[in-house]
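Please consider the structure shown below. The explanation that follows begins with one buried side chain and proceeds to the nonpolar cores, the enclosed cavities and the cysteines.

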Amino acid sequence: MNPGRPVPPPLAKTISLDTAGSEPSTGVLAAAYGATSPVSGLVPLTVARREPGEDDVEIAIEFCGLCHSDVHATRGEWRQPPYPLVPGHEIVGSVTRVGSAVEDFAVGDRVGVGCMVDSCRECDSCLEGLEQYCERGNVGTYGAADPRHEDAVTQGGYSTAVVVDKRFVLRVPGNLDPAAAAPLLCAGITTYSPLRYFDVEEGDSVGVVGLGGLGHMAVKLAKAMGAEVTVFTTSESKFDAARELGADHVVLSKDADAMEAANRSIDVIIDTVAAPHDLNPYFRTLRLDGALFQLGLPADDMPPVSPGLLIRRRLAYAGSLIGGIEETQEMLDFCAEHGVASDVEIVGAGQLNEAYDRMVAGDVKYRFVLDTATLQEPSERADA
């Protein structure tokens, strides 16, 4: 579709988030879209962002990626969230104000915010730069109680502005397209982190299971690291797409002969599939000391893993969750250096509900990104 900025949709009834437990109302009013119940769909909202403190950065949001987890969250499919809920944790925008103690960012800088906006900053994980594994629980970009701000519920990036502590703001390199950079803050770091943990380098062989929003980033990043990449897919229709992304080999995973031919050919597998599936055939493709990283989170139980497969080749089966702030910045710099970005389709506010339905149907190649210029002006007085 045309990546230009379409005309904003007509205003629907606006609902304020200026209620107990929500963002304080002393700062900027921001236009937003979010859910008011599991069945409301996404509707126009007005968010009251806090006045920036001495460590805060105020950001005018330009683009926000749509993640499949946003669908689950707003529809209450994982848990009952605090409504109203503004989703969005792949935020790119420009700095509009900084607090008195902020030295690394200035007005006009292009910056990003990913999946978390705070952590305890004191536990071993945080001190090691692994804030995503904070032992007290990190503060998610939306739908989370923020203990440093009176347990206000965080609201996400489907909005025109946000205020975030400087420690959780990222610098977006100038040569990255801002819309295509937005999904890097979730899909990019989620796939980059396990590749770096396994020290993937030139000459290694990487397998990617699934070719969606995460999978296409895994292919691009592994290739940029110099790896030989094999995509495993259940659909022959994805063969050409995988090769266009740079895959060296494509294997139809439901073809037993093709899987047998891939035996002992892979060093590390990045599994991005979020539906239950049998992992044992993929373990057979791993070499001695290989590893399979599970990134997809199925709602139902997976088929059991055969311990014998792990034991006979000293294989590792691991999980991985996004990345810490330092590693996320490293990923953005790596992508800028190697010309890596997400393949995106830009949508306006009036297309958000359709985009959600298309994500569920798998009808996106490969990530949707919201152009926040299509949001309505924030209401000075919101109707209840």
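In this predicted model, the backbone nitrogen of Ala349 lies 2.8 Å from a polar atom of the Thr374 side chain. The side chain of Thr374 also has a polar atom 2.7 Å from the backbone oxygen of Asp371. Thr374 itself belongs to the segment after β20 (367–371). With a relative accessible area of 1%, Thr374 is buried, and its side chain has these backbone atoms of Ala349 and Asp371 as polar partners.

The nonpolar interior may be considered next. The largest nonpolar core comprises 91 residues, and Leu66, Tyr158 and Val206 are those with the most contacts inside it. Separate from this is a second core of 14 residues, with Val251, Met259, Ile269 and Tyr282 among them.

Attention now turns to enclosed space. Rolling a probe the size of a water molecule over the atoms shows where empty space is left. The structure holds two cavities of 30 Å³ or more.

The largest cavity contains about 150 Å³ of space. Its lining consists of 17 residues, and those nearest the cavity centre are Arg50, Val117, Asp146, Thr154 and Val163. At least two lining residues come from each of β7 (116–118), β10 (152–153) and β11 (161–165), and β11 provides the largest share, with four residues. By character, the lining of the largest cavity divides into seven charged, six nonpolar and four polar residues.

What is the composition of the lining of the second largest cavity? Eight of its residues are nonpolar and three are polar, with no charged residues. The space in this second largest cavity amounts to about 80 Å³. Its lining is formed by Gly114, Cys115, Met116, Phe168, Leu170, Leu185, Ile189, Ile322, Gly323, Ile325 and Thr328.

Cys115, one of the residues lining the second largest cavity, leads to the matter of disulfides, of which the count is zero. Why does Cys186 form no bond with the closest cysteine sulfur, in Cys115? The two sulfur atoms are 3.9 Å apart, and this is too far for a bond, because a disulfide requires the sulfur atoms to be within 2.5 Å. Cys186 counts as buried, at 8% relative accessibility. The same cut-off applies to Cys123: the closest cysteine sulfur, in Cys126, is 3.6 Å from its own sulfur, so this pair is also too far apart for a bond. Cys123 is buried as well, with a relative accessible area of 7%.

Technical notes: Residues are numbered from 1 along each chain as its sequence is written. This is a predicted model: local features need pLDDT of at least 70, side-chain atom pairs count only at pLDDT 80 or more; totals for chains, interfaces and linings use all residues. Side-chain values use heavy atoms; hydrogens and water are left out. A nonpolar core is a set of buried Ala, Val, Leu, Ile, Met, Phe, Trp, Tyr and Cys residues joined through side-chain atoms within 4.5 Å. Buried means under 20% relative accessible area, exposed over 50%, partly exposed in between (1.4 Å probe, protein chains only). A polar contact is a pair of N or O atoms within 3.5 Å; within protein, one must be able to donate a hydrogen and the other to accept it, and residues adjacent in sequence count only if both atoms are side-chain atoms. On a 1 Å grid over the protein atoms alone, a cavity is a set of points where a 1.4 Å probe fits but cannot get out, and a pocket is an open set with protein on both sides within 12 Å along at least five of seven lines; lining residues have an atom within 4 Å of a point. Grid points are joined across faces, edges and corners, and a volume is the space filled by probe spheres set on the points. Ala, Val, Leu, Ile, Met, Phe, Trp, Tyr, Cys and Pro count as nonpolar, Asp, Glu, Lys and Arg as charged, and the others, Gly among them, as polar.
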